[in-house]
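Got the viewer open? Let's take a short walk through this one, selecting a few things as we go.

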Amino acid sequence: MSDQPLQLARFNGFPDALLDVAAPELWRHLPAPTLFDLPGRQCGMLFLSVLLHGNEDTGWRAIQAVLKRWRGRVLSRPIKLFVGNIAAAKAGVRTLPGQHDYNRAWPGTEHPATAEAAMMQAVVDIAASDSLFASIDIHNNTGNNPHYACVTSCDDDHLQLARLFGRTVVYFTEPLGVQSAALSRFCPSITVECGRPGAEAGVAHAVELIESALALQHFPDHEVAAADIDLMRTFAIVKVPADASFSYDGSAADFRFRSDLDHLNFAELDAGTSFGAHAGNFRLEIVASEGGEGDYFTYAGGEVRLARGAIPAMLTLDPHAVRLDCLGYLMQRIGRDGRRLDAAGG
Ligand SMILES: [Zn+2]
C-alpha cells in the first residue's frame, strides 16, 4: 500500500469540458482524486462518490448525465462530488497494484496509516464541515446481481434513502473502511450497486436516484413499511485462500466452481446447495459478522455445499474480483430490528 502522500484536487463548480470525458480518460483532465463543490439553492449537501473502484464507471456516467440536465441552472441542493480512483480508471481496473482499495480506506479502516486512508480522512473532514443531507456512493459489480442499495445503519432515514433506489436493501457491517459507514456518522448514507459496468439501465437508475435525492425536501417522518422493503443482512464474506486454485469451466483446480455460480445471487438457497466440486485440503475462508459464527460449507464427497440456508450476493465469475476482493457474500433476511426472519418470513 502506498505511503507517499496523495494529493486531493479541489474544484469550485464543474467544468463543462468534463461532461463528455469517459472515465478512462479522466487522468488527462484530473491528475489526482478530485472533490468538486457544486452550489445549490437549499441547504443540506448531497455528498456523492464515484469511481472508488476504477473500472466501475456507472456513477461517473450518471453524474455527467445529471449535470448535463442541470446545465445553466443552479442545482436544487448543493453537491459535493468525490471522483476517486482516476489512476485505476485509466488502467481499467478496480484498484492498482500497491494501492489501498479506495473503498476500504475510509475512517474505520483496518489500515489507517496508508496514504489513501489519509486522503479519505481529509475528504470526510471537508464533507462533515457542511450540513450534510445524504451520502450516496455508486458502484458496479461483476456477477449477475439485481440493483440494490447497501446500508450500514437500519435507522429510518438510511432506509428511506435506500428506498429511493429500490426495495432490495442489504445491511452490512463488514468489510471495514467503506465510504458509506464513514459518512453514516453524519447523514443518511447508502452504497448502490448498479449491476455490471457498461449497462445503460444501471446509469439510468443511478440518475433517477441522484435526481430523487436532489428533489427531496426532507426524509418522510414515518417508518418505511415492512412490506415496502426486502431487507437482508450479510453475515459472511466468502474468500478463496490465496494459495488455492479455482476454475469455473471444470478444468483441474482446488475449487471447480459451477459455471452458473453468479446466477445463485439473491436466490434463497437451502442447506446442501452445491457451489461446485472440490479436491484437496483447502477450505473456503469465511469472514463472519457478529452472530454469524459456525459452519458455512461442507466438503463431503468432493462437493462444496452450503451447510445452512443462505441468500448469496455478489458471487462472481471474475477471477480478478475473487483475488482482489472475495468470491461473494452470504446473507439472511432480517426485520427492521435487525433480527433474522425465519424462512416463512415471520
Ligand atoms: Zn465497487
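Start by selecting valine 203 and showing whatever touches it. Setting aside neighbours within four places in sequence, valine 203 is in contact with Thr58, Arg61, Ala62 and Ala65. Keep in mind as you click around that this is a predicted model.

Is valine 203 buried or exposed? Valine 203 counts as buried, because 23 C-beta neighbours sit inside 10 Å and the cut-off for buried is 20 or more. Now add isoleucine 138 to the selection and draw a C-alpha to C-alpha distance: the two are 9.9 Å apart in space, with 65 residues separating them in sequence.

Next, widen the view to the helix around your starting point. Valine 203 has its place in helix α6, so colour residues 200-215 for α6 and residues 58-69 for helix α1. The axes of these two helices come within 8 Å and cross at roughly 55°. That angle makes α1 oblique to α6, since it falls outside the ranges for roughly parallel (under 35 degrees), roughly perpendicular (65 to 115) and roughly antiparallel (over 145). Rotate until one helix lies over the other, and you're looking at a right-handed crossing of α1 past α6.

Show side chains at this contact. Here's what to pick:

- From α1: Thr58, Gly59, Arg61, Ala62, Ile63, Ala65 and Val66.
- From α6: Gly202, Val203, Ala206, Val207, Ile210 and Glu211.

Colour them by type and the α1–α6 contact splits into 8 nonpolar, 3 polar and 2 charged residues.

For a change of scene, jump to glutamate 293. Where does it live? Glutamate 293 is in the loop between β13 (285-288) and β14 (297-298). Glutamate 293 is exposed, as its 11 other C-beta atoms within 10 Å meet the cut-off of 12 or fewer. Select alanine 236 too: its C-alpha is 8.6 Å from that of glutamate 293, though they are 57 residues apart in sequence.

Finally, zoom out to the whole protein chain. Switch to cartoon and you'll have 7 helices and 17 strands to look through. Along the principal axes, the C-alpha atoms fill a box of roughly 65 × 45 × 35 Å. The radius of gyration is 20 Å, which agrees with the value near 20 Å for a compact globule of 346 residues. Colour by burial and 45% of the 346 residues come up as buried. One last thing to try is a contact map: of the contacts between residues at least 6 apart in sequence, 75% join residues at least 24 apart.

Terms used:
Residues are numbered from 1 along each chain as its sequence is written. This is a predicted model: local features need pLDDT of at least 70, side-chain atom pairs count only at pLDDT 80 or more; totals for chains, interfaces and linings use all residues. Axes are lines fitted to C-alpha atoms, for helices over the stretch in contact, and angles run from 0 to 180 degrees between N-to-C directions. Helices (H or I, at least four residues) and strands (E, at least two) are DSSP runs, numbered from the N terminus. A crossing is left-handed if the near helix is turned anticlockwise from the far one by less than a right angle, and right-handed if clockwise. Two residues are in contact if their C-beta atoms, placed from the backbone, lie within 7 Å. Ala, Val, Leu, Ile, Met, Phe, Trp, Tyr, Cys and Pro count as nonpolar, Asp, Glu, Lys and Arg as charged, and the others, Gly among them, as polar. The radius of gyration is taken over C-alpha atoms; the globule rule is 2.2 Å times the number of residues to the power 0.38.
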